[in-house]
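Reader: I would like a close look at a single part of this model, followed outward to a few neighbouring topics. Please take it step by step and keep to what the coordinates support.

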Amino acid sequence: MQKFDVIIIGAGPGGVAAARLLGRAGKNVALVENREWGGTCLNRGCVPTKLLLGAVAPLGLMENLSRGRIIEGTEKVNFDLLRERVHMFVSGTRKALALELINLGVHLIRGQAQCLGPTTIAVESGDGGARKLESENIIFACGSRTSTYPNLVPDGHVILGSTTILEQEVIPASLIICGGGTIGIELTDFFLHMGTKVTIAEAAPQICPTEDSDIGMQMRLYLERRGVVCMTGVRAVSLAADENGQARLTLANGDVHTAEKGLIASGRMPNTSTLDADAAGIALNRRGFITTDYFLRSSPNSWAIGDVNGKILLAHAAAHQGEYVARTILGQEKGPYVPGPCPSCFHGSQEIMRVGMTEREAVALGGEVYISKVHFASNVMAQAAGNPYGFVKVVWRNDDIVGIAAIGANVSQLTLSAQLLLIGQYQGEKLDTFMVAHPTLDEALVAAIRARRVASKD
């Protein structure tokens with residue numbers, strides 16, 4: 001039996017962030033991971049996807065400017081070399097991450113973790129061997145994976161998940177995507193620029209269902225102008241390979257659509273099925289996520305961070321939670337976890353940025369809700385990129401800024417500025433002290449805060 005000060009199960013952004021702080025503080029830490037160091041974000045999610053989007057970003061810019069006949073010509077992405085570049089960057093970053101943790105004194109243990117008791121876990125390696133670890137402090141950072149539903153299950157060949165689609169060696173001629181959230185929209189942008197005919201099926205009334213309806217509508221208009229078929233408000237009954245080896249989508253209204261490949265991009269489910277939560281004294285909700293209190297505790301001696309607690313399924317949220325728990329173990333935190341306004345982004349040719357509440361969430365809380373908005377048509381930088389479509393939107397509740405969102409080209413660059421403006425409540429005379437550079441997209445943020453407020457119609 002090996003004893004540690006802290007055992008962390010899962011080496012994604014949350015687990016790694018906690019391990020870094022604890023290792024630097026001299027704690028004896030075991031970091032257990034059954035796949036690659038860096039988790040889904042580095043190996044199968046955020047990082048490879050953004051490298052793909054970066055490769056096609058110039059194509060989007062050229063497309064925007066060519067519509068105004070400002071530039072002419074075509075460019076082509078070398079997909080084989082792009083895949084090699086993604087692989088090299090991810091593998092190199094993974095190796096550097098492992099080396100960094102080892103140099104901090106963190107014990108990297110490969111294998112599948114299973115709880116034997118509140119303070120004891122077993123780690124089964126791929127060769128059938130097992131070892132027991134013990135600690136008074138356990139952090140569950142197990143992450144999540146692609147959700148599956150009856151008749152909506154990836155087969156790894158024709159019907160793909162968010163992992164297997166990144167492993168494809170050939171660009172499909174056509175693609176059906178079940179799910180119009182972040183994963184679905186970002187991969188739509190990539191494959192669209194690679195020449196794929198894309199169809200999106202989203203059961204919610206709009207694509208980008210986590211955002212307000214005006215954001216979702218703006219994104220839909222952008223995609224449909226580029227030939228994407230967007231179907232919303234109808235449930236997918238099945239997505240499976242047919243007798244011809246094509247992806248066949250059947251909708252609840254009876255419509256049938258086919259494509260060369262299909263992608264399941266409709267949600268995430270927690271990696272808790274093999275954890276044996278009962279043995280650890282932790283509780284799972286009906287969807288399998290670990291329940292926690294206001295301190296992210298899942299039991300008297302354990303915490304759950306990141307996707308596995310189901311609160312906010314974003315890599316930066318997991319890292320933020322991991323650092324908080326590490327500071328708690330070190331005695332540096334005494335109060336409950338307070339995340340502040342969590343930023344979220346959709347990346348691609350047409351991006352979405354939001355910090356704080358949506359208009360819909362503010363209305364649900366009650367009180368007087370107002371909206372102020374500025375469109376990018378008059379912004380020099382948006383015009384320079386040939387994509388002046390979109391807007392910045394500020395959500396007000398009882399005279400406080402509670403949310404800022406934007407949709408348009410490069411708006412993910414506004415995330416930190418928007419977050420600081422919201423946290424500092426820069427409005428009125430206080431906003432007069434805020435100097436914004438010209439010309440920048442940031443000007444639209446300030447203009448939106450100063451714009452006339454209109455009562456919410458939600």
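Author: Contact here means heavy atoms within 4.5 Å. The model is a predicted one, and on that definition G39 touches A11, G12 and R44, leaving aside residues up to four places away in sequence. G39 lies in helix α2, which spans residues 39–44. With a relative accessible area of 6%, G39 is buried, because buried means under 20% relative accessible area. G39 and P13 are 26 residues apart along the chain, yet their C-alpha atoms are separated by 7.0 Å.

From P13 one can turn to helix α1, which covers residues 13–24, and whose axis comes within 9 Å of the axis of helix α4 (residues 79–103), the two crossing at roughly 30 degrees. Angles under 35 degrees count as roughly parallel, and α1 is therefore roughly parallel to α4. The residues that meet are V16, A19, R20 and R24 on the side of α1, and L97, E100 and L101 on the side of α4. Sorted by class, this contact of α1 with α4 has four nonpolar and three charged residues, with no polar ones.

A separate part of the chain offers a strand pair: β21 (residues 343–346) and β22 (residues 351–356) run antiparallel and are joined by four bridges. Within this pairing, F346 stands opposite I352 in β22. The two strands, β21 and β22, form a hairpin with four residues between them, and in the turn G348 has a positive phi of about 140 degrees.

Note on methods
Residues are numbered from 1 along each chain as its sequence is written. This is a predicted model: local features need pLDDT of at least 70, side-chain atom pairs count only at pLDDT 80 or more; totals for chains, interfaces and linings use all residues. Side-chain values use heavy atoms; hydrogens and water are left out. Buried means under 20% relative accessible area, exposed over 50%, partly exposed in between (1.4 Å probe, protein chains only). Two strands pair if DSSP finds at least two bridges between them. Axes are lines fitted to C-alpha atoms, for helices over the stretch in contact, and angles run from 0 to 180 degrees between N-to-C directions. Angles under 35 degrees count as roughly parallel, over 145 as roughly antiparallel, 65 to 115 as roughly perpendicular and the rest as oblique. Ala, Val, Leu, Ile, Met, Phe, Trp, Tyr, Cys and Pro count as nonpolar, Asp, Glu, Lys and Arg as charged, and the others, Gly among them, as polar.
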